[in-house]
Amino acid sequence: MAPAASFRSAITISLVPESRGGPFVYTDGLAAGCAEAARLGYDAVEIFPASAATLDRTLLRELLGEHRLRVAAVGTGAGWVVHKLMLTHADPEIRQRAREFIREIIKLAGEFGAPAIIGSMQGRWEGTVTRDQALAWLAEALEDLGEAAAVHRVPLLYEPLNRYETNLLNRLGDTARWLRTLRTRNVRILADLFHMNIEEADAAAALREAGPLVGHVHFADSNRRAIGLGHTAIEPIIAALREIDYPGYLSAEILPLPDAATAARQTMESFRRALTLC
Ligand code: LER
Ligand code: MN
């Protein structure tokens with residue numbers, strides 16, 4: 001019998017001042033975030049940069065070496081939060097700029113062997129744009145960007161978000177069915193347990209449905225706090241991840257509540273418990 005899948009731990013560092021108040025644990029720079037993550041025993045950091053160009057690659061390389069950390073993933077959300085770019089915008093120039101913004105982050109992440117995440121930059125359908133049109137633009141972008149990520153031998157991560165953040169795809173099963181209609185085989189689903197708590201009838205069943213398409217997990221409780229500080233029943237979720245042989249990270253994209261240090265410690269405790277479950 002194949003050995004049960006093991007998980008790796010990751011924690012978020014945001015380098016974007018405009019994202020304060022968002023679900024990011026460390027917000028005091030790369031050096032402080034990496035040092036803290038390593039001190040608590042995390043395997044990796046997930047980084048949310050303002051753009052590819054503003055991230056200090058040399059510093060990041062040094063910090064990863066010094067602290068024996070990896071990059072779990074790189075977020076593109078600043079493209080929306082800071083620059084108001086989205087892949088489904090009615091204006092073709094904005095759609096193009098959104099795609100180029102993401103392409104640069106794919107290259108940056110690829111240099112570190114990590115996937116890029118498309119979350120809020122997917123946008124939403126509204127105004128003159130129909131849902132079918134928005135999904136067609138999104139599909140075209142994922143075909144292109146999925147192959148751009150393949151050059152680096154990493155997947156591209158697409159994240160279904162809850163209904164308050166997008167009206168495109170909110171559930172894993174729908175997302176998996178839609179992704180299977182694309183030509184590219186290099187786009188995987190980011191399963192964010194916070195969004196899933198809002199949208200899925202049964203989070204464990206949704207993970208089983210998406211199966212091998214699950215490429216990354218945001219490890220967040222029902223209230224977007226550290227796992228263990230909300231009401232999510234994590235055991236069936238861990239069992240489902242084991243069942244689908246999920247090989248990736250459980251990454252804490254959570255609110256730094258009651259403070260960053262406590263959220264990070266609590267996540268690590270929950271992560272260690274998760275490793276011993278099932
Ligand atoms: C990004 O990973 C995410 O989950 C979004 O809720 C951010 O807006
Ligand atoms: Mn997320």
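How far does a polar side-chain atom of Glu159 lie from an oxygen atom of ligand 1? In this predicted model, the separation is 2.5 Å. Two further side chains make polar approaches to the ligand. For Glu165, a polar side-chain atom is placed 2.8 Å from a ligand 1 oxygen. For Asp192, an N or O atom of the side chain lies 3.0 Å from an oxygen of ligand 1. On its own, ligand 1 has 250 Å² of accessible area, and the protein covers 82% of it. The surrounding residues are Glu159, Leu161, Glu165, Asp192, His195, His218, Arg224 and Glu253.

Several of these names recur at the metal. The manganese ion (ligand 2) takes its protein donors from Glu159 (OE), Asp192 (OD), His218 (ND1) and Glu253 (OE). These donors lie 2.1 to 2.3 Å from the ion. Six donor atoms surround the manganese ion. The angles they subtend run from 70 to 173°, so the arrangement is octahedral. Opposite donors must be over 155 degrees apart for that label, and all others between 65 and 115.

Along the sequence, the donor residues of the manganese ion follow the spacing E-x32-D-x25-H-x34-E. Asp192 and Glu253 thus link distant parts of the chain, 61 residues apart. Asp192 belongs to strand β6 (residues 187-192). Glu253 sits in the loop between β8 (249-252) and α10 (260-276). Both Asp192 and Glu253 are buried.

Ser222 was examined next. Its position is in the loop between β7 (214-218) and α9 (234-243). Is Ser222 buried or exposed? Ser222 has a relative accessible area of 9%, and therefore counts as buried, the cut-off being under 20%. Beyond neighbours within four places in sequence, Ser222 contacts Phe194, Asn197, Gly230, His231 and Thr232.

Leu156 lies in strand β5 (residues 156-158). Its relative accessible area is 0%, so Leu156 is buried. Which residues does Leu156 touch, not counting those up to four places away in sequence? The contacts are Ile106, Ala116, Ile118, Leu142, Leu145, Gly146, Ala149, Asn186, Val187 and Arg188. Ile227 is 71 residues from Leu156 in sequence. In space, the two are 25 Å apart, C-alpha to C-alpha.

Methods: Residues numbered from 1 in each chain as written. Chains lettered and ligands numbered in written order. Predicted model: local features only at pLDDT ≥ 70, side-chain atom pairs only at ≥ 80, totals over all residues. Heavy atoms only, no water. Donors = N, O, S within 2.8 Å, 3.2 Å for Na, K, Ca; no water. Tetrahedral: all angles 85-135°; square planar, octahedral: opposite > 155°, others 65-115°. Helix = DSSP H or I, 4+ residues; strand = E, 2+ residues; numbered from the N terminus. Buried < 20%, exposed > 50% of the residue type's maximum accessible area, 1.4 Å probe, protein only. Near = heavy atom within 4 Å. Polar contact = N/O pair within 3.5 Å; in protein donor to acceptor, adjacent residues only side chain to side chain. Areas by Shrake-Rupley, 256 points an atom, 1.4 Å probe, with all protein chains shown as cover. Contact = heavy atoms within 4.5 Å.
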